[in-house]
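Let's take a walk through this one together, a piece at a time. Keep the viewer open and follow along.

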Amino acid sequence: MISRLRLALLFTLSAAAPAETLDRIAVTVGKYVISEQDLLRDIRISAFLDGSLPEFGGAQKRKTADRLIDQYLVLQDAAETRAALPSAESTAALLEPLKARYANEADYLAALAKARISDGGLRAHLLAGLRMLRYTSVRFRPQMQISEEGLRAYYEALMEQNPNAPAQSFEENRGQVEKLLTDQQTMQSLDDWVKMMRSELRIVYREAVFQ
Amino acid sequence: MIARIDFDPVDQPLPRAELDRLLPLRTGALLRAEDVRQTLQKLFETGRFADVVIDALPSSDAAGPVIVRISTTLNFFVGGVSIDGIDDPPNRSQLLTSAKLELGAPFADGRATQAVEHMQERLEANGIYGAKLRYQIQRDPATEEASVRFQLEAGKRARFGGVMLSGDFQRPMGNIVRSTRWRRGFGPLTFPGWREVTESRVQGGVDRVRRDFQKENRLQVRVTLDNLEYDGKTNTVKPTLVVESGPVIEVRTLGASVSRGRLRQLIPIYEERAVDRALLQEGSRNLTNYFQAQGYFDVAVDFNQIAPAPGVQEIDYTITRNARHTLAGIEIAGNKFFDTATIRERIAIHEAGTLRYRYGRYSQKMRDDDRDAIRELYRANGFRDAQVTATTLDDYQGKHDDLGVRFEIQEGAQWFVDQLGIEGASELDARYLRSIIRSGEGQPFSESDLAADRDTVLGFYFNNGYPEANFDWSQTESAESNRVNLRYAVRPGERQFVRDVLVRGLETTRQEVAASRIRIRPGDAISYSQIAETQQKLYDLGIFSKVQTALQNPEGKEERKYVLFQLDEANKYSFNAGLGAELARIGGGVTSFDAPAGVTIFSPRVSAGISRLNFLGIGHTVGLQARASTLQQRAVASYQAAQFTGNENLTFTVSTLFDTSRDVRTFAARRWEGTVQLAQRLSRANILQYRFVYRRVTIDENTLNISPELVPLLAQPVRVGLASASFIQDRRDNPTDTHRGIYNTVDLGFALPQFGSVIDYGRLVLRNSTYHPLSRDVVIARTLQFGYIQRLGGIPKIPLGERFFAGGATSHRGFPANQAGPRDIKTETSPGTGFPLGGNAMLFHSTELRFPLIGENMGGVLFHDMGNVYSSIDQVSFRFRQGSYQDFNYMVQAAGFGIRYRTPVGPIRVDFSYSPNSPRFVGFSGTRDQLLACNPKLPPAQNPPACVGIPQRINTFQFHFSLGQTF
């Protein structure tokens, strides 16, 4: 009798308990799904790496979704072109300074658990970032051809923007200016490419996730 | 642990079993975040779902504490798209295409609105600015189809309201506006007002302006339509044309004349409407090839481009033809594997001949192309190192101005396939693939075979449900010399099956008519060839103007897919009308008895017809065709059931015919006829026809050109019920201009009293034609025709209308049309008119040698025809000589020459024949009254002068003009 009552009680409680959403589609890029949990995980890891508190508001989710879309487009292109990309072991070098913040491995893992992220998730996040960086560098940087006039014009523009910067000649800063301009143009080229790819694919945001 | 997996809604577009196979989440398994993530991905990849949410609910189930609930939102796909209220142009098809609603593609929200915008653009391009387009979307959750029905209220079409011109146009504006033909007018006459706007009229106007400038040698003219400015108040459109006329470009040839038309063909600047060095050089090469093809093999062509004045460019091609040569010989050396005849079949250059290619067919380019063709022939047969050189030999065999071409072949070793491995295919498939691919162990190895094998293998997989199949190959040298090992690697990918076949768009056609033509069934592997075959069978019904086919959700990764057929029914009625003429040498005048051996007659003809397609919605056709000429009036009403009872090999036809025909000038017959026929296609080449014909034939006595005594015997009204069967075997390579093959027909029929016949007879007609190529262009063809009528009972003589009449362009060219066989001769009771009476047997044999004559399109024929129409089977004779003026039972011989000119609808032909033993006979010259006044029993002196018979003869020379080969 008691067991029957217990069963009935359990059944009633079960029926009354609210459903918990495990995951749902947040954005689709062509046939690729970015789920709400993907967004939350990425926000948590980014905050962990920044040492800040995660923020799960709609705007932050949308920003994260956009970043993940760009990352998907670049890595998908890398996979299709069979580009040589960093291996999973490459993340070890990135993890070392991070782990160095903690007294030992146990503290590190405890910090991860507190932030509700896994070591595997963190490694995957770092690897994706590394691969994106490498591929962007390979895919877009070689296209840049910067002229002498372009370098000088950029240097002068920089100096105008920063009148308080120490007065140094163009020649003294040539290497740095060249790197800055190359990086800027690489990012511009990447942005243009991503914009074009986005226009060719059907990208749908599920607004309910971003509210 | 997962206690259960529920779906919301319970009914999902994919069967539960397929979902269970697809999803990583499993009842009884641990609930893992990664599996949940993958479930979202897998479900979305199917393309069936617009959104997916996965929830967890607590469970009291002993299997586990969690129930996973997967909530889905369905996607929809374009089903059928239709439109009502069309005001052509644009026509229905153009407008629906502009909607860009692709059959089977995802139908996202807002697609209908986009479609309306696209259609509005198309309508506006056709001058329809005030159109109202409404639409209704019908969604079917069961099949996830979204059908869209548009309703168009077109409103009034706008007219042109003037033309704006800008740019540098160098011509009076009025001139340009006239070129557009946007003003109302007829030819050079212009009337007040403007025409209605249509897209083709706008584009045509722009093109005409451009052409008019080009006629003035402004080849680089640019005419663009910049804008169409619409004025809603007046409902008019004012186009803005931007014209940049460019320089006048004069192209001249110095040293040799080339017609302007030929120059336009040879110099690409006319077609490209641009002038640059590359195009001018191409023109130079084309001119060189052109002159070389004329025999000027040493021609030199150079060009010079100058600008003597602003806006003028002159291009001079200087042509030095040098001496004209003749290609006297082609030598082929070094060939061991292929004989010279096989290699010669591959080459296009040709030695000079008497009529064809007077100087031979040669140019350096053709020679080099031939060299490459020979090399490819060797490489395709395993001689991968084969080398061929082509050398042109001057003063060939010591004769000045003669050229020779020598192809020197170094075959090298022949390579073979030692081992062939096929990976990735099942054992059964691999065995089958080995039987259909070209490469095989012990077979010659060639890359062209590899390419063909790739297509064959992929075709096999594509047609067996593997749309993503991949094929790769590699080769390694075998241990044995000149042998390679081949490895074919196949990656079939996921197999896809037919979920169901959805047929849409049927309005008046019955569903079962379309269903019976569909070769694909649910559960079958998706086969693109079967889908295409079904599409063709639906077109073959002749009742659909458009048959679209697609897979629903083509990009979706799902195991089973819907196959869609969207059918647009054709217009129910079709009309045709035609004008034509017959030119033939046939019997004499209608009211006189002159010229029984035939005179040349020209007979104009008109025809008209109406057909009602898809009668009763079952794909049958009802038609009425009428034809009238001075020789014949004919009306045929027919009912045709193609693909009868759903069997694509059966065609059932019921027809009635009324015909008044004078093509045999002995008489004019009036015929009422009803026919029921079932045609059965036994195979691609063989057809059987079962037929019952009931006819009533009356001879118009006023038109009879026979002795009055014969009238009661031969010209009484006749009812004939004839049951017959025909077998047709057609193995010709090209029915309009056959080079090889066989054509056989057998027709056997019986007219019996049980069928309502007043005359009982049996009738057999046989034909056997064979065609034998002697070389690539020379064919010998022969045909035998035999016919036999055996009277079995009823009236004493076979009436005129049932007899064999033959002779003319398609049977025996020694005769005018229908002039062969027995004639009305003078007897004790009959004065005799000399006109043909037909016969009860016929035997003809023709032989033709068909050969090329001049250039590519003109051919010649030497022929020999023999045979005749005989009074009866026992009178069939091969005798050469005519026994007497009353003897027509002998074999008439004719030989001659014909010319054929090749056209897309078959050769136009003219035949000239000479018959050394054409029939002689005694004919009558006079009127019917004069004939009736004759009494054959009286001596000639006591009869009027007109009663004296005049000896005549079928002209020994005949000509025939017709379309198509003789047989």
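Over how many bridges do β2(B) and strand β3 (residues 66-74) of chain B pair, and in which sense? The answer is nine bridges, with β2(B) and β3(B) running antiparallel. If you want a spot to check by eye, pick Asp51(B): its bridge partner in β3(B) is Thr73(B). Before going on, keep in mind that you're looking at a predicted model.

Now for the other chain. β2 of chain B, spanning residues 49-58, is also joined to strand β1 (residues 20-29) of chain A. That link is made by four bridges, and again the two strands run antiparallel. You can find the register from a couple of residue pairs. Thr21(A) sits opposite Asp55(B) in β2(B), while Asp23(A) faces Ile54(B) of that strand. So to speak, β2(B) has one hand on β3(B) and another on β1 of chain A.

Let's zoom out to the contact between the chains. Chain A puts in 17 residues and chain B puts in 18. On the chain B side, α2 (33-45) and β2 each supply at least two of the residues that touch chain A. The largest share there comes from β2(B), with eight residues. What kinds of residues make up this side of chain B? Sorted by class, you get 10 nonpolar, five charged and three polar ones.

Next, head further along chain B, to an open sheet of three strands. Its order is β16-β18-β17, and the pairing is mixed. Why do β16 and β17 each have a side without a neighbour in the sheet? Because β16 (326-333) and β17 (387-393) stand at the edges, each of them has a single partner strand, and one side is left without a neighbour. From one strand to the next, the twist averages 15°. β17(B) pairs with strand β18 (residues 402-410) of chain B in the antiparallel sense, over seven bridges. Within that pairing, look for Thr392(B), which stands opposite Val405(B) in β18(B). Helix α11 (residues 364-379) of chain B lies across β17 and β18, and runs at about 155° to β17(B).

Another open sheet is waiting later in chain B. Here three strands come in the order β22-β24-β23, with mixed pairing. The edge positions belong to β22 (497-504) and β23 (544-551), each with a single partner strand, so each has one side with no neighbour in the sheet. The average twist from one strand to the next is 15°. β23(B) and strand β24 (residues 560-569) of chain B run antiparallel and share seven bridges. A pair to look up here is Leu551(B) and Val563(B), the latter in β24(B), which stand opposite each other. Helix α15 (residues 528-540) of chain B packs on this sheet, where it touches β23 and β24, and its direction makes about 165° with that of β23(B).

How far does the predictor back all this up? For chain B, pLDDT averages 90, and 96% of the residues score at least 70. Confidence in chain B is highest in strand β33 (residues 741-751), at a mean of 97, and lowest in helix α16 (residues 711-714), at 61. As for the model as a whole, it scores ipTM 0.85 and pTM 0.76.

Methods: Residues are numbered from 1 along each chain as its sequence is written. Chains are lettered from A and ligands numbered from 1 in the order in which they are written. This is a predicted model: local features need pLDDT of at least 70, side-chain atom pairs count only at pLDDT 80 or more; totals for chains, interfaces and linings use all residues. Two strands pair if DSSP finds at least two bridges between them. Axes are lines fitted to C-alpha atoms, for helices over the stretch in contact, and angles run from 0 to 180 degrees between N-to-C directions. Two residues are in contact if their C-beta atoms, placed from the backbone, lie within 7 Å. Ala, Val, Leu, Ile, Met, Phe, Trp, Tyr, Cys and Pro count as nonpolar, Asp, Glu, Lys and Arg as charged, and the others, Gly among them, as polar. pLDDT is the predictor's confidence in each residue, from 0 to 100.
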